[in-house]
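Reader: Please take me slowly through the interior of this model, beginning with any enclosed space and going on to the aromatic side chains and the backbone. I would like the cut-off behind each term to be stated as you use it.

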Amino acid sequence: MKASLQNGVLRPGDRLSSVRQASQQHGLSITTVVRAYELLESSGLVESHPQSGYFVRARFPAAMSPAQQRDSPDEPGRSMPLPVSAEVDVSRHVLATLKSIHQNDANPLGSPYPDPALFPARRISQYNGAILRSGGPLGVLDDLPPGHPELIRQIVRRHLETGLSVDPGDVVVTVGATEAINLCLQAVAKAGDTIAVESPTFYAMLHAIERLGMRAIEIPTDPRLGMDVAELKKIMQNQPVAACMVMPNFQNPLGFEMPEESKRQLVELGSRYNMPIIENGVCNELYFGAAHPSVLKAYDKRGIVLYCSSFSKSLTSAYRIGWTLPGRYREQVEKLKFLNTLSTSTLPQRAIAAYLTAGGYDRHLRRVRRTLQQRCDIMSAFVGRFFPAGTRITRPAGGYVLWIELPAAIDSMALYRQALAEGITIAPGRLFSTSDAYRSFIRMNYSYSWTPEIEQAIRRLGEMLAAMLE
């Protein structure tokens, strides 16, 4: 079997026979088969997926064979948006797409959230129930901004553990990261102002800009290195930019981790031009490397970085608990929070605080990261095998989405509609820009458990693409 793995007979993404099947096929004991699979796993040739079996790894430690190279498409190139600001009108497209994901149990490749099965929902629900039974205060006025003190303490503690010293007085708890981003943008800019964003960018950033009547200017972005800070500087020298919104770690949809020097240069640029930077850190816990990524906020000496995050992508998306570290804009953000939503629901804050206090968060995150990287490898391999020649895919450093460039003749909105008719969802590139620059791109979510249904969905998408090209 090892020879078959190395010479390409068994290709990345292939599922191996189950332990029981292999035992029967080769006349070996189950113990022997398990040991053999463990040796292959320790050699980096296969990987185990809980409740799914063993799969051929998509990333091989040695030089890849020609067959394996065919399963590893090139990456998309650096984006080249026009250096002009534009009105934003993406919300109607995004809303229609998100609604479709939950229609008729559609395949969730287009989902914007990680697989809920990754989260410790039952345990958090137990804390939730215990708090209700305790009979403590749960009224709206019990947790006015900035938020519940114990949750704030746990947020500060988590930042300290990951390398950022934060004062509890710096934190404002919000209804998810979306509210945090909206409040921060409202605090630093006004209608008609121009906001710099990555290209492509996560559509929640564009929603905030659209909601407040602002304009967006897209900055060239590399799928490995992130926003081009030098290009942003050139643009700022020629036109006013009120603020910059970025996702420096495991950006949605590209998945990159911005290099340290680029992070430092971006914060220095913002400081020099007095330009606030809104940092989206919702995927920071979902890294594939050995260490937690640094944040822009760590380089901020003047309070111009407004850091936003939530537990929606790392712990539970059901409770929608987020926070912001607004720097010098803290008073404005807290006031806007009070004016917009008065307070954040007490019970979810206390339940998450109880979970974090009890411990186990890091153990949970290690399992999630390992699972996401495995599923990323498998989906990448299947896209490489079944999508047409000319397809390019990103190599995420973390997170849970793939950005896929299809042959130029493909209209991703047409693919989206055709796939939806067969119960398959994808996120078309139109959602991630103010222009139609990503007409031939799609985003796919790889976080869900690898099932025959997902495998078949990717095969079917490949067939649709082949038909479109004909």
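Author: About 30 Å³ of space lies in the largest cavity, and the structure holds 1 cavity of 30 Å³ or more. A cavity here is a set of points, on a 1 Å grid over the protein atoms alone, where a 1.4 Å probe fits but cannot get out, and its lining residues have an atom within 4 Å of a point; points are joined across faces, edges and corners, and the volume is the space filled by probe spheres set on them. The model is predicted, so local features need pLDDT of at least 70 and side-chain atom pairs count only at pLDDT 80 or more, while totals for chains, interfaces and linings use all residues. Residues are numbered from 1 along each chain as its sequence is written, and side-chain values use heavy atoms, with hydrogens and water left out.

The lining of this cavity is made up of Phe250, Gln251, Asn252, Gly255, Cys283, Gly398, Gly399, Tyr400 and Val401. By class, the lining holds 4 nonpolar and 5 polar residues and no charged ones, where Ala, Val, Leu, Ile, Met, Phe, Trp, Tyr, Cys and Pro count as nonpolar, Asp, Glu, Lys and Arg as charged, and the others, Gly among them, as polar.

Two of these lining residues, Asn252 and Cys283, deserve a further word. Asn252 is joined to Pro253 by a cis peptide bond with omega of about 25 degrees, and Pro253 lies in the loop between β8 (243-246) and α11 (260-273); helices (H or I, at least four residues) and strands (E, at least two) are DSSP runs numbered from the N terminus. Cys283 has a relative accessibility of 2% and therefore counts as buried, that term meaning under 20% relative accessible area, with exposed over 50% and partly exposed in between (1.4 Å probe, protein chains only). Cys244, at 0%, counts as buried as well, yet a search of the whole structure finds 0 disulfides, a disulfide being a pair of cysteine sulfur atoms within 2.5 Å.

A second cis peptide bond joins Ser199 and Pro200, with omega of about 0 degrees, and Pro200 is placed in the loop between β5 (194-199) and α9. Helix α9, residues 203-211, brings us to the aromatic side chains, since it contains Tyr203.

The whole structure has 11 aromatic pairs, counted when the ring centres of Phe, Tyr and Trp (its six-membered ring) lie within 6.5 Å, and called stacked with planes under 30 degrees apart, edge-to-face over 60, and tilted for the rest. One of them is the tilted pair of Tyr203 and Phe432, at 5.5 Å centre to centre and 45 degrees between the planes. This pair links distant parts of the chain, 229 residues apart, with Phe432 in the loop between β14 (427-428) and β15 (441-445), and both of its members are buried. Phe432 also forms an edge-to-face pair with Trp403, 5.2 Å centre to centre and 75 degrees between the planes. Because Trp403 lies in strand β13 (residues 401-405) and Phe432 in the loop between β14 and β15, this pair ties together parts that are 29 residues apart in sequence; Trp403, like Phe432, is buried. Together with Phe202, Tyr438 and Phe441, the residues Tyr203, Trp403 and Phe432 form one aromatic cluster.

Another ring, that of Phe382, has Arg385 over its face at 5.3 Å from the ring centre, a placement that requires NZ of Lys or CZ of Arg within 6 Å of the centre and within 35 degrees of the ring normal. The C-alpha atom of Phe382 is separated by 7.8 Å from that of Glu455, 73 residues apart along the chain. Glu455 belongs to helix α16 (residues 452-469) and, at 14% relative accessibility, counts as buried.

Returning to the backbone, most residues other than glycine have a negative phi, and most peptide bonds are trans. Asn274, in the loop between α11 and β9 (277-280), has a positive phi of about 55 degrees and is partly exposed at 42%. Arg320 likewise has a positive phi, near 50 degrees; its place is in the loop between β10 (305-310) and β11 (322-325), and at 28% relative accessibility Arg320 is partly exposed.

Conventions. 1 Å grid on protein atoms, 1.4 Å probe; cavity = no way out; pocket = protein on both sides within 12 Å on 5 of 7 lines; lining within 4 Å.
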